[in-house]
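Work through the exercises below with the sequence and the model in view. Try each task before reading its solution.

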Amino acid sequence: MGENMYFCENCHLPTERERCPHCKRKNLRPIAPQDMCELTECPQQWYELEKHRFQALSIPVVTLPVGSGVNSMFALPLENYRLYVPWERFDDAVEVLEQIQRERLERLRSAYLPEDTARLTVPEKIAKRARRKLKMGKDSDVAAYCRQVVSSAQDIFTGADLPSGHKTVCFSADGVYVWLDASTLEVLSVSVP
Ligand SMILES: [Zn+2]
């Protein structure tokens with residue numbers, strides 16, 4: 001935990017500078033152990049599933065429902081929670097989030113990471129587009145590139161099922177996203193930010 005941290009009361013943000021990087025407010029005061037800092041925003045459902053991990057470490061979490069105005073107008077349940085924790089437990093709470101993320105990735109890895117990425121194929125139309133986006137030569141091996149992204153993925157997530165009923169899964173590494181048909185290992189798209 002850094003020394004000389006400051007706190008923006010507008011944004012509930014701990015910061016190393018006396019000026020808030022978010023709202024630009026100046027002359028922030030030094031942070032105090034009890035200051036409630038925004039940890040993350042997450043779906044309510046997710047928080048209900050995971051809150052026991054914070055409780056187990058006695059990290060006091062305050063939740064604030066956030067959502068669209070439409071939802072509040074019709075008094076429907078708001079979709080997201082914004083989570084706040086006191087500064088003195090902020091690092092512990094970040095560690096909990098990181099642990100959850102590691103476990104999630106491990107689950108997805110074992111469920112979706114193909115044992116044999118050699119099966120992965122890229123339709124020519126998609127390969128052409130990918131070469132253009134990635135500024136690769138016209139004979140470069142897009143399939144090899146995609147295999148590399150898949151095996152070194154830093155994040156994995158699933159998408160909507162295809163009309164065929166096959167699952168779709170996305171592997172991302174260094175800002176490149178490769179979407180696959182999880183059954184056939186056909187590449188559905190390659191996107192670069
Ligand atoms: Zn601020």
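Two strands pair if DSSP finds at least two bridges between them; helices (H or I, at least four residues) and strands (E, at least two) are DSSP runs, numbered from the N terminus. Residues are numbered from 1 along each chain as its sequence is written. This is a predicted model, in which local features need pLDDT of at least 70 and side-chain atom pairs count only at pLDDT 80 or more, while totals for chains, interfaces and linings use all residues.

**Exercise 1.** Find how strand S6 pairs with strand S4 and with strand S5.

Solution.
- Step 1: S4 covers residues 36–43 and S6 covers residues 80–86; seven bridges join them in the antiparallel sense.
- Step 2: One position to look up is Cys37, which has Val85 of S6 opposite.
- Step 3: S5 (residues 62–66) also runs antiparallel to S6, with five bridges. Here Pro65 faces Tyr81 of S6.

**Exercise 2.** Give the strand order of the open sheet that contains S1, and locate Pro21.

Solution.
- Step 1: The order of the three strands is S2-S1-S3, and the pairing is antiparallel.
- Step 2: S2 and S3 are at the edges with a single partner strand each, so one side of each has no neighbour in the sheet.
- Step 3: S1 (residues 6–8) is joined to S2 by three antiparallel bridges, and Phe7 stands opposite Pro14 in S2.
- Step 4: Pro21 belongs to the loop between S2 (13–15) and S3 (29–30). Its C-alpha atom is 9.3 Å from that of Cys8, and the two residues are 13 apart along the chain.
- Step 5: A residue is buried if 20 or more other C-beta atoms lie within 10 Å of its own, exposed if 12 or fewer, and partly exposed in between, with C-beta atoms placed from the backbone. Pro21 has 11 other C-beta atoms within 10 Å, so Pro21 is exposed.

**Exercise 3.** Trace the open sheet of four strands from one edge to the other.

Solution.
- Step 1: The order is S7-S8-S9-S10, with antiparallel pairing.
- Step 2: The edge strands are S7 (155–158) and S10; each has a single partner strand, so one side of each is left without a neighbour in the sheet. On average, neighbouring strands are turned by 15° against each other, direction ignored.
- Step 3: From S7 to S8 there are four bridges, and Asp155 has Ser172 in S8 as its bridge partner.
- Step 4: From S8 to S9 there are six bridges, and Val169 is partnered by Leu180 in S9. The hairpin of these strands has two residues between them, and Asp174 takes a positive phi near 50°.
- Step 5: From S9 to S10 there are four bridges. Leu180 is partnered by Val187 in S10. This hairpin has five residues between the strands, with Leu185 at a positive phi near 60°.

**Exercise 4.** Which residues of helix H5 are buried, and what covers them?

Solution.
- Step 1: Within H5 (residues 142–151), the buried residues are Val142, Tyr145, Cys146, Arg147, Val149 and Val150.
- Step 2: Their cover includes helix H4 (124–133) as well as strands S8 (168–173), S9 (176–181) and S10 (187–191). Contact requires C-beta atoms, placed from the backbone, within 7 Å.
- Step 3: H5 lies across S8, S9 and S10, at about 95° to S9. Axes are lines fitted to C-alpha atoms, for helices over the stretch in contact, and angles run from 0 to 180 degrees between N-to-C directions.

Methods: Two residues are in contact if their C-beta atoms, placed from the backbone, lie within 7 Å.
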